[in-house]
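Have your viewer ready and your selection tool at hand. We will go from stop to stop together, choosing what to highlight and looking at what is there.

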Amino acid sequence: MLRVGLGQAEGVETKATIERAIKDCNQQLKGRDPQAGIVFAGPHFDHGLMLKIINDTFPGIALVGCSTAGNFSSFHGVSDDAITLTLLASDTIEFAAGAGSGLSTDWQAAVEQAISSATRSLTESPALCLTFPQGYAVPFEPVLEKLDIMLGTDCSVFGGLAGMLLSEPTEFLQFSGREVLKDGLPILLMTGPVEYRFGIANSWRPIGKRAVVSRSDDRTVYSIGEVSAVDYYRHYLGYHEDPAREFNLAVYKLSGPEYYICSPINYNEDGSITFTGPVPEGSEIQLTEGLRDDLIEDTYTTSNTLKDVNSSWQPALALNFSCGYRKTILGTSVEKELEALKQTHQPGLPIVGFFSFGEISPLTPGGPSILQGATLITLLIGPGSGELLPDRGTWQSESADSD
């Protein structure tokens, strides 16, 4: 069994805001004590106080989370100024949280620290890992490779990089227990009878011919074919000074036809381009284009693919990691992405997520986890097929409209 409490509240005063979110969670948990929690928060809160109140209310909780470029939930909508708290309670699923620090200076030690601190209390091998790290200035591909190796092939890694509001530039923050980290790798592990499905809405459509990346270093691409990365873009789009963020790259994996999306974030003086994610040297790439209607339609399509009419399994939670860049493109239509999720999932399913600076998941079930950009990843989590899911009706927060 897996019961979920979901609370989201806006406000300027941290104590009152997190207490309203906790109250909403408790209404849904109906007296059950949560073992784990995930918290997403806007930039202006006192995050240390927020974590203290959560931990004092639920002693021993396995708590992780991060700062965001906005967060959202099915009960309260999309917000730049909210605390969103998800609490998890189960009699059969085991949870454990841990964190590594100094990710940008010694990522190997940070990964080892995170896993050792989380697994010391587990009685079984982990089946699912969630992470919300600092990663915008960190080469993240080797971090995920080490996580995959240490956790084993039966434990997939999902999550999103900590974000910030571009209108209010601050630091990227990560949350682990009572700690607020600035260069950390928090992880939440689940073991026991837990099942999940996931879908990736890339939404950008490949156009034109494929080309080969002839020189790159992690997120920086120096040349594509025989021309610089900047000249490659200008060849197709004409002369322009600023990164053409509406035209992302589809990066095809060297081992197969699957691709992930990377967005250009900086044109460098030497003609290279810095992207949101790693673009391996020797990989094939293709320009893409995306429109608002395409993004919304792809969200509908991807969510519908997660349905299986031949299965009796029902998720207890839909956890979403949406790129902050999607939010920028959608603009005033950003609520439509959430509405698409609500319409395609079963009524009453708690839906929660945040706008990240990079999304983490495998491309295919059982595959290695990679860092992606400009995508919406939907992760459905629930009890094992043989377990009962508690009845779930449509719930309305008493404080949804309060300050």
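The tour below visits two sheets, a hairpin, one residue, a cavity and a pocket. Please keep in mind that this model is predicted.

**Stop 1: a mixed sheet**

Begin by colouring six strands in the order S7-S12-S8-S9-S25-S26; together they make an open sheet with mixed pairing. Now pick out strand S7 (94-100) and strand S26 (369-372): each has a single partner strand, so one side of each is left without a neighbour in the sheet. Looking across the sheet, you will find neighbouring strands turned against each other by 25° on average, direction ignored.

Next, add helix H3 (residues 107-119), which packs on the sheet and touches both S7 and strand S12 (185-191). The direction of H3 makes about 150° with that of S7.

Within the sheet, zoom in on strand S9 (residues 156-160) and strand S25 (residues 359-362), an antiparallel pair joined by two bridges. Select Gly160 and you can follow the bridge to its partner in S25, Glu359.

**Stop 2: another mixed sheet**

Now colour S5-S4-S24-S23-S27-S13, in that order, for an open sheet of six strands with mixed pairing. Its edges are strand S5 (77-79) and strand S13 (194-201), each of which pairs on one side only. Here the average turn between neighbouring strands is 15°, direction ignored.

Stay with S13 and bring in strand S27 (residues 376-383): the two run antiparallel, with eight bridges between them. One bridge to display is that of Val194, whose partner in S27 is Pro383. Helix H6 (residues 292-305) packs on this sheet, touching S13 and S27, and its direction makes about 150° with that of S13.

**Stop 3: Ala89**

Keep Pro383 on screen and select Ala89 as well: their C-alpha atoms are 11 Å apart, although 294 residues separate them along the chain. Ala89 belongs to strand S6 (residues 82-89). Is Ala89 buried or exposed? With a relative accessibility of 2%, Ala89 counts as buried, because the cut-off for buried is under 20%. To see what surrounds Ala89, show its contacts beyond four places in sequence: Met1, Leu2, Arg3, Leu29, Arg32, Asp33, Pro34 and Gln35.

**Stop 4: a hairpin**

Move on to S20 and strand S21 (residues 273-275), which pair in the antiparallel sense over three bridges. Asn266 has Thr274 as its bridge partner in S21. Five residues lie between the strands of this hairpin, and Gly271 takes a positive phi near 90°.

**Stop 5: the largest pocket**

S20 also leads to the next stop. Strand S20 (264-267) and helix H7 (324-330) each supply at least two residues of the lining of the largest pocket, and H7 gives the largest share, four residues. How much space lies in the largest pocket? The answer is about 370 Å³. The pocket has 20 lining residues, and those closest to its centre are Leu166, Gly324, Tyr325, Thr328 and Phe357. Colouring the lining by class gives 10 nonpolar, seven polar and three charged residues.

**Stop 6: the cavity**

Finish at the one cavity of 30 Å³ or more, whose volume is about 30 Å³. Select Phe72, Val78, Val334, Glu337, Leu338, Leu341 and Phe355 to show its lining. By class, these are six nonpolar residues, no polar ones and one charged. Helix H8 (residues 334-344) contributes the largest share, four residues.

Conventions: Residues are numbered from 1 along each chain as its sequence is written. This is a predicted model: local features need pLDDT of at least 70, side-chain atom pairs count only at pLDDT 80 or more; totals for chains, interfaces and linings use all residues. Side-chain values use heavy atoms; hydrogens and water are left out. Two strands pair if DSSP finds at least two bridges between them. Axes are lines fitted to C-alpha atoms, for helices over the stretch in contact, and angles run from 0 to 180 degrees between N-to-C directions. Contact means heavy atoms within 4.5 Å. On a 1 Å grid over the protein atoms alone, a cavity is a set of points where a 1.4 Å probe fits but cannot get out, and a pocket is an open set with protein on both sides within 12 Å along at least five of seven lines; lining residues have an atom within 4 Å of a point. Grid points are joined across faces, edges and corners, and a volume is the space filled by probe spheres set on the points. Ala, Val, Leu, Ile, Met, Phe, Trp, Tyr, Cys and Pro count as nonpolar, Asp, Glu, Lys and Arg as charged, and the others, Gly among them, as polar. Buried means under 20% relative accessible area, exposed over 50%, partly exposed in between (1.4 Å probe, protein chains only).
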